[in-house]
Amino acid sequence: MFGFQGGESPQVVARKRGYLRDAQEKWAFLTYFDLSTIRNETQLRSIVKDRSGVTDAQARADVAEWMAGKTF
């Protein structure tokens, strides 16, 4: 999701870095390591749920709202 793969264009890398910073602003408890290892929405939702103590439904809604309009 936020991880970088070889061969990505500079635009893709810049977009992912922007998303990474945006996610850290929204969820301050996410570390750079967390974000660099998250591969999909389910993993992000799980970390948000576990660390913020919200319900699964709330974590699902928060992550879906944050991801709206983003291309990974």
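Me: If a salt bridge is taken as a side-chain nitrogen of Lys or Arg within 4 Å of a carboxyl oxygen of Asp or Glu, how many salt bridges does a search of the whole structure find?

Reply: The search returns 5 salt bridges. Before reading any of them, keep in mind that this is a predicted model, in which local features need pLDDT of at least 70 and side-chain atom pairs count only at pLDDT 80 or more, while totals for chains, interfaces and linings use all residues. Residues are numbered from 1 along each chain as its sequence is written, and side-chain values use heavy atoms, with hydrogens and water left out. One of the bridges joins arginine 60 to aspartate 56, with 3.4 Å between the closest N and O atoms.

Me: Where do arginine 60 and aspartate 56 lie?

Reply: Elements here are DSSP runs numbered from the N terminus, helices being H or I over at least four residues and strands E over at least two. Both arginine 60 and aspartate 56 belong to helix α4, 4 residues apart, about one turn of the helix. For accessibility, buried means under 20% relative accessible area, exposed over 50%, and partly exposed in between, with a 1.4 Å probe and protein chains only. Arginine 60 is partly exposed at 41%, and aspartate 56 is partly exposed at 36%.

Me: Which side chain meets glutamate 41 in a salt bridge?

Reply: The partner of glutamate 41 is arginine 45, at 4.0 Å from N to O, and these two residues stand 4 residues apart in helix α3, separated by about one helical turn. Glutamate 41 is partly exposed, with a relative accessible area of 31%, whereas arginine 45 is buried at 12%.

Me: What does the salt bridge between aspartate 34 and arginine 51 tie together?

Reply: Aspartate 34 lies in helix α2 (residues 32–37) and arginine 51 in helix α3, so the pair links parts that are 17 residues apart in sequence. The closest N and O atoms of aspartate 34 and arginine 51 are 2.4 Å apart. Aspartate 34 is buried at 8% relative accessible area, while arginine 51 is partly exposed at 44%.

Me: Turning to the interior, which residues have the most contacts inside the largest nonpolar core?

Reply: As a general idea, nonpolar side chains in soluble globular proteins tend to be buried together. A nonpolar core is a set of buried Ala, Val, Leu, Ile, Met, Phe, Trp, Tyr and Cys residues joined through side-chain atoms within 4.5 Å. The largest one here has 16 residues, and Phe2, Trp27, Leu44 and Trp66 have the most contacts inside it. The elements that contribute two or more residues are α1 (10–26), α3 (41–52) and α4 (56–67), with the largest share, 4 residues, coming from α4. With contact meaning heavy atoms within 4.5 Å, and residues up to four places away in sequence not counted, leucine 44 touches Met1, Trp27, Leu30, Ile38, Val63 and Trp66.

Me: How many aromatic pairs does the count come to?

Reply: A pair of aromatic rings is described by the distance of the centres and the angle of the planes. Rings of Phe, Tyr and Trp (its six-membered ring) pair if their centres lie within 6.5 Å, and planes under 30 degrees apart are stacked, over 60 edge-to-face, and the rest tilted. The count by this rule is 3 aromatic pairs. One of them is the tilted pair of tyrosine 19 and phenylalanine 72, with 4.9 Å between centres and 55 degrees between planes. Tyrosine 19 lies in helix α1 and phenylalanine 72 in the segment after α4, so their pairing ties together parts that are 53 residues apart in sequence. The rings of tryptophan 66 and phenylalanine 72 are also tilted, because their centres are 6.1 Å apart and their planes stand at 40 degrees. Tyr19, Trp27, Trp66 and Phe72 form one aromatic cluster.

Me: What sits over the ring of tryptophan 66?

Reply: A charge sits over a ring if NZ of Lys or CZ of Arg is within 6 Å of the ring centre and within 35 degrees of the ring normal. Here the charged end of lysine 70 lies over the ring of tryptophan 66, 4.4 Å from its centre. Tryptophan 66 itself is buried, at 6% relative accessible area.

Me: Is lysine 16 buried or exposed?

Reply: Lysine 16, which is in helix α1, counts as buried at 5% relative accessibility. Its side chain makes a polar contact with the side chain of glutamate 8 at 2.7 Å; such a contact is a pair of N or O atoms within 3.5 Å, where within protein one must be able to donate a hydrogen and the other to accept it, and residues adjacent in sequence count only if both atoms are side-chain atoms.
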